[in-house]
Amino acid sequence: MMGPSHALSGAAVWLTGSWALDQFADYHQTPLALAVGTAVCAGGALFPDLDLSGKVTRNQGGATVARTFGVVSLFVAEVMEKISLGVYYATKLSKDPRRNNGHRTLTHTIPFTVLVGWGTTALCAHYGKWAVVSILFFMIGLALRGLFDKWAERAGWVVVTLVSAAAAWFTFANLPGDRGYPLIGTAVGVGCFVHILGDMITRAGVPILWPIPIKRRMWTMIGLPDSIALRTGSKAEVVVLRTAMTIIAILAAVGLVAPSVLQRFNIEG
């Protein structure tokens, strides 16, 4: 799927999950925690595509995530792509095909998703302020780039960087560490997993079962049959899927906000 679709699906899943926890597990979040979780999950839903690099010296190409912070994020994407390709060749079996890039390999696996989610929480808990601010800065930037892609393209990476930095610092200053820090790691992990599920409904598929060998292949791509699979950039994705995700996100947000609004004005629900 395209970057905006991934980001929107991450936001919709987080809002829907938050509504379910609020309704059935009596787990309430502050408006700030809800907004942060939604933004970080949307950013996390773009993160796996950091393995699709572009042309660093020209500030061109690459996935949406790779272009978020200009040449800096393009360089990081280049490094991640080479690491992913290296892991691919280090673990491939006889039936795995030759590749010239690492896209949809390491960063599109369950072990990577678990590692990123756990690692984010561990970094926030161990290093505190600077880890939290850095992670929020990066994830909020990805969320802006994905959810508001047209605005981000017009504004440019410098404006996106400044807005991300301001939002990250404000969030850190007001987000409590006891529940806020684990929330960040969970949101990143959930976002990465949502990305994998999104790519599974496309024709190319993802190696979601790695590192389980199947018929002398370590990197078996799992996805829907071509006859029903989603074609990247098609009307089914851009119109139907994004509209459905937007409606789901709005309904979940209304379900989360409406009770407190009614209570504030002493209106019985």
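**Close-up 1. F172 and its partner W169 in a predicted model.** F172 counts as buried, since its relative accessibility is 18% and the cut-off for buried is under 20%. W169, on the other hand, is partly exposed, with a relative accessible area of 43%. Both sit in helix 7 (residues 157-174), and because they are three residues apart there, about one helical turn separates them. This is a predicted model, and how do the two rings lie, stacked, tilted or edge-to-face? Their centres are 6.1 Å apart and their planes meet at 50°, so the pair is tilted.

**Close-up 2. The aromatic cluster.** Five phenylalanines come together here: F47, F69, F112, F137 and F138 form one aromatic cluster. For the model as a whole, the count comes to ten aromatic pairs. A pair of aromatic rings is described by two things, the distance of the centres and the angle of the planes.

**Close-up 3. An arginine over a tyrosine ring.** Which residue lies over the face of Y88? That would be R99, at 5.5 Å from the ring centre.

**Close-up 4. Cysteines without a disulfide.** How many disulfides does the structure hold? Zero. Take C124, which is in no disulfide: the nearest cysteine sulfur belongs to C192 and is 14 Å away. A disulfide needs the two sulfur atoms within 2.5 Å, so C124 and C192, at 14 Å, don't make one. C192 is in no disulfide either, and the nearest cysteine sulfur to C192 is that of C41, 8.9 Å away. Buried or exposed? C124 is buried, with a relative accessible area of 0%, and C192 also counts as buried, at 0% relative accessibility.

**Close-up 5. The largest pocket.** About 280 Å³ of space lies in the largest pocket. The lining takes in 20 residues, and the closest to the pocket centre are M1, M2, G3, P4 and T64. Which helices supply at least two residues each to this lining? Helix 1 (3-24) and helix 6 (149-155) both do. As for the chemistry, the lining of the largest pocket divides into nine charged residues, six polar and five nonpolar. Rolling a probe the size of a water molecule over the atoms is what shows where empty space is left.

Note on methods. Residues numbered from 1 in each chain as written. Predicted model: local features only at pLDDT ≥ 70, side-chain atom pairs only at ≥ 80, totals over all residues. Heavy atoms only, no water. Buried < 20%, exposed > 50% of the residue type's maximum accessible area, 1.4 Å probe, protein only. 1 Å grid on protein atoms, 1.4 Å probe; cavity = no way out; pocket = protein on both sides within 12 Å on 5 of 7 lines; lining within 4 Å. Points joined across faces, edges and corners; volume = space filled by probe spheres on them. Helix = DSSP H or I, 4+ residues; strand = E, 2+ residues; numbered from the N terminus. Nonpolar A, V, L, I, M, F, W, Y, C, P; charged D, E, K, R; others polar. Phe/Tyr/Trp six-rings, centres within 6.5 Å; stacked < 30°, edge-to-face > 60°. Lys NZ or Arg CZ within 6 Å of the ring centre and 35° of its normal.
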